[in-house]
Structure formats: structure tokens, C-alpha cells
Amino acid sequence: MRENVTAQVGGRPEDWTVDASVGPPWSLVITAPSGERFEGAGIDLFQALRAARLPLDERGILLCCNGARINAHPSGLTSSQGGDMVYLNHRWRPAGRRDLRYVFGPAPARKIATVAEQDQFWEEFADTTRISWTIYLNPVRWLYLVAQSVRDRK
């Protein structure tokens with residue numbers, strides 16, 4: 001499959017392409033307008049994208065797609081289905097259907113991070129959302145869950 005994505009190169013947007021496999025083994029090639037190619041492979045498309053982004057991070061190039069957002073991460077289920085969908089995780093509420101995004105879908109440059117920043121966010125996110133009795137005391141979480149269940153009934 002071929003997708004067009006925007007990259008921020010030196011603060012300027014450029015149109016780049018991503019050619020991704022449609023089945024395992026998961027791999028992709030990111031191509032710059034100059035013809036330079038960046039390849040990645042992984043257990044799913046999200047991991048392949050991360051592998052291909054590493055050399056871009058070293059050059060200060062940001063790929064403006066959902067898979068490069070600081071809070072993007074696939075669930076176990078979306079990963080097992082190829083990782084072409086990611087959840088946008090938030091510290092203050094659990095991810096739901098409205099947080100599910102196509103990995104190559106457009107994202108604003110201000111929401112994009114390097115692979116290292118994504119890893120740091122995920123480690124902190126995982127630490128703060130571990131099952132603990134204090135999670136159940138958070139009134140914002142309960143209000144969100146009640147509102148979500150009421151909305152889902154409609």
C-alpha cells in the first residue's frame with residue numbers, strides 16, 4: 001500500500017511517501033522527494049514505522065502521521081492485526097474508540113515526537129496507569145466512564 005505523508009524538514013513541510021507491506025512480514029519504505037529511502041521492519045506496521053523513523057530523528061526530520069504522535073501506541077489486538085491502527089493514550093482517561101487512529105493518517109507537527117520521546121511517554125504512561133487502588137479513587141476517571149457508558153447506550 002502507498003500513503004502520502006507530510007514531513008517537517010527544517011521547519012518546512014514536504015510531501016513524502018510511505019510504501020508498506022499489506023501482510024507479514026511487516027516492512028515499509030519512507031521516500032523523500034529527493035529519492036532518499038528509509039526502511040524499517042517490525043512485528044507490525046507501527047514497529048516498522050518506528051524503525052524507519054530512527055534515522056529521521058537523527059536528522060531532525062519529523063514525519064507528521066498518527067504513528068509518530070508522542071502518545072500513539074497500538075493495543076495488543078491492533079498489533080496482532082498488523083498495527084495499522086494506534087490508540088492515542090491520555091494520562092487522565094482510558095483510551096476508547098474515539099482515540100483509535102490510522103497509523104499513517106495526518107497529524108499536526110506540534111503533536112509529533114521522536115521515537116525516544118514516544119518511548120519515554122509510554123514508560124511514564126505505563127507507570128501511572130498500573131492497576132492500583134488509587135486509580136479507583138480518581139473522580140475524573142469515574143465521571144468519564146459513566147459519561148462514556150451513557151453515550152454508548154444512545
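**Exercise 1. Determine whether L56 is buried or exposed in this predicted model, and describe its surroundings.**

Solution. Step 1: the relative accessibility of L56 is 0%. Step 2: the cut-off for a buried residue is under 20% relative accessible area. L56 therefore counts as buried. Step 3: L56 is to be placed in the fold, and its position falls within helix α1. Step 4: leaving aside residues up to four places away in sequence, L56 makes contact with W16, I30, F38 and I61. Step 5: for a longer distance, take H73, which is 17 residues from L56 along the chain; 19 Å separates the C-alpha atoms of these two residues.

**Exercise 2. State the order of the strands in the open sheet of five strands, and explain why β4 and β5 each have one side without a neighbour in the sheet.**

Solution. Step 1: reading across the sheet gives β4-β3-β2-β1-β5, and the pairing is antiparallel. Step 2: β4 (37-42) and β5 (62-64) occupy the edges and have a single partner strand each, so one side of each lacks a neighbour in the sheet. Step 3: ignoring direction, the average turn between neighbouring strands of this sheet is 30°. Step 4: the partner of β5 in the order is β1 (residues 2-9), and three bridges join this pair in the antiparallel sense. One bridge can be located by residue: A7 is matched with L63 in β5.

**Exercise 3. Identify the strands that helix α1 touches, and give the angle between its direction and that of β4.**

Solution. Step 1: helix α1 spans residues 45-59 and packs on the sheet. Step 2: the strands touched by α1 are β2 (12-20), β3 (26-31), β4 and β5. Step 3: the directions of α1 and β4 make an angle of about 145°.

**Exercise 4. Find how many cavities of 30 Å³ or more the structure holds, and characterise the lining of the largest cavity.**

Solution. Step 1: searching the whole structure yields one cavity of 30 Å³ or more. Step 2: the largest cavity encloses about 40 Å³ of space. Step 3: its lining consists of R50, I70, N71, A72, H73, Q118, D119, F121 and W122. Step 4: by character, these lining residues comprise four nonpolar, three polar and two charged. Step 5: at least two lining residues come from each of β6 (72-73) and α3 (115-128). The greatest contribution is that of α3, which provides four residues.

How values were computed
Residues numbered from 1 in each chain as written. Predicted model: local features only at pLDDT ≥ 70, side-chain atom pairs only at ≥ 80, totals over all residues. Heavy atoms only, no water. 1 Å grid on protein atoms, 1.4 Å probe; cavity = no way out; pocket = protein on both sides within 12 Å on 5 of 7 lines; lining within 4 Å. Points joined across faces, edges and corners; volume = space filled by probe spheres on them. Nonpolar A, V, L, I, M, F, W, Y, C, P; charged D, E, K, R; others polar. Pairing = 2+ DSSP bridges. Axes fitted to C-alpha atoms, helices over the stretch in contact; angles between N-to-C directions. Contact = heavy atoms within 4.5 Å. Buried < 20%, exposed > 50% of the residue type's maximum accessible area, 1.4 Å probe, protein only.
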